[in-house]
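Work through the exercises below with the model open. Each task comes with a stepwise solution.

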Amino acid sequence: MFEGVLGFLLKACFAAGVAGFVLLFAALILRVRLGMSRLRRVHAFELAPTVALANARSGYVKVRGVIQPADPATLRAPLSGRPCLAHRIVLERLTGSASRGRDVVTVLDVRDQRPFRLADDSGWVGVDPVAAMWLAPKQSMPFEPHAMAWLQTQGVWHLPSSPTLTEQRLEAGQLATVQGLMGASQGAPPVLRAGGTEGQELIISTHPPDQPLVKAGFSRLDKYVFRAGCLCFIVALLAAIAAGVIVYGMWQDIQSKKKRRSQLEEPHRLQLPL
């Protein structure tokens, strides 16, 4: 009975190992697919030609200009206190270790924005930043008392382990590159916004035009792929060990049954008449 229970447990461990490997591999494929989708969009954004605002036509276009407020009522970033037209605050925690690699988990992501204008020497266009992908530098913020008080208004009463707090801003006077779907209602100025289909995302970048955006993303993705590949290898190795233990246990069980059978048959052979 004990051997039967042990065999069942070993088989269950082997099945769990195989299931874990399949699930982990599926998660790896999904992670890579999502990461590659974002990187493809950023790469397409970098390769797209930039046109002057005066030459921009209706459709999906990429323009560059200086951010200007469309309304006198601007925002004020809650952590830095700087006036801005849009801000995003992200609280993250680091997991893992320096030897095994670190990963980032988002705890809080809060953003607020106002419509603004993008202007160059040839004219201006309105920008509706709702649902935009931001490619803006992040400023690391200290956990000062006013920052802790603001986090509590967002429902964060206790900081996670290894926390990082960053703030992104779109400020008046910044040079920005915007790609989006340009359209205009009758009698209204043109506005750049996000389209309703894939491939028509609104992307706002305040990075210098000559600064590459994709290289760092690919290096992070390579790190995730390598880490997930190592995990898959470990799971597969454990599953192989479990399979070996099961096979060895089955072989031992067969040998034990043969030995008991021979021991039971031995007295009968000794009692046979000559």
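**Exercise 1: charges over rings**

Which residue lies over the face of F45, and at what distance from the ring centre? Keep in mind that this is a predicted model.

Solution.
- Step 1. Start at the ring of F45. The residue over its face is K62.
- Step 2. Read the distance. K62 sits 4.7 Å from the ring centre.
- Step 3. Apply the cut-off. A charge counts as over a ring if NZ of Lys or CZ of Arg is within 6 Å of the ring centre and within 35 degrees of the ring normal.
- Step 4. Look for another case. R117 lies over the face of W124, at 4.0 Å from the ring centre.

**Exercise 2: aromatic pairs**

Find how many aromatic pairs the whole structure holds.

Solution.
- Step 1. Set the criterion. Ring centres must lie within 6.5 Å to pair.
- Step 2. Search the whole structure. The count is zero.

**Exercise 3: the partners of β11**

Trace the strands that pair with β11, and give a bridge partner for each pairing.

Solution.
- Step 1. Take β1 (residues 59-69). Eight bridges join β1 to β11 (residues 175-183), and the two run antiparallel. In this pairing, R64 is matched with T177 of β11.
- Step 2. Move to β13 (residues 203-205). Three bridges link β13 to β11, again in the antiparallel sense. Q179 has I203 of β13 as its bridge partner.
- Step 3. Finish with β12 (residues 191-193). β12 and β11 are antiparallel and share three bridges. Here M182 is matched with L192 of β12.

**Exercise 4: from β6 to β12**

Follow the pairing from β6 through β7 to β12, and state the direction at each step.

Solution.
- Step 1. Pair β6 (residues 116-120) with β7 (residues 123-127). The sense is antiparallel, over five bridges. F116 has V127 of β7 as its bridge partner.
- Step 2. Check the connection. A hairpin of two residues joins β6 to β7.
- Step 3. Go on to β12. β7 and β12 run parallel, joined by two bridges. G126 is matched with V191 of β12.
- Step 4. Link back. β12 also pairs with β11, in the antiparallel sense.

**Exercise 5: a nonpolar surface patch**

Why can L237 count towards a surface patch?

Solution.
- Step 1. Locate the residue. L237 lies in helix α3 (residues 214-270).
- Step 2. Check exposure. L237 is partly exposed, because its relative accessible area is 43%.
- Step 3. Compare with the threshold. Patch residues need over 30% relative accessible area and no salt bridge.
- Step 4. List the patch. I234, L237, L238, I241 and V245 form it, with about 440 Å² of accessible area together.

Conventions: Residues numbered from 1 in each chain as written. Predicted model: local features only at pLDDT ≥ 70, side-chain atom pairs only at ≥ 80, totals over all residues. Heavy atoms only, no water. Pairing = 2+ DSSP bridges. Helix = DSSP H or I, 4+ residues; strand = E, 2+ residues; numbered from the N terminus. Patch = residues over 30% accessible without salt bridge, like charges linked within 9 Å, V, L, I, M, F, W, Y side chains within 5 Å. Areas by Shrake-Rupley, 256 points an atom, 1.4 Å probe, with all protein chains shown as cover. Salt bridge = Lys/Arg side-chain N within 4 Å of Asp/Glu carboxyl O. Buried < 20%, exposed > 50% of the residue type's maximum accessible area, 1.4 Å probe, protein only. Phe/Tyr/Trp six-rings, centres within 6.5 Å; stacked < 30°, edge-to-face > 60°.
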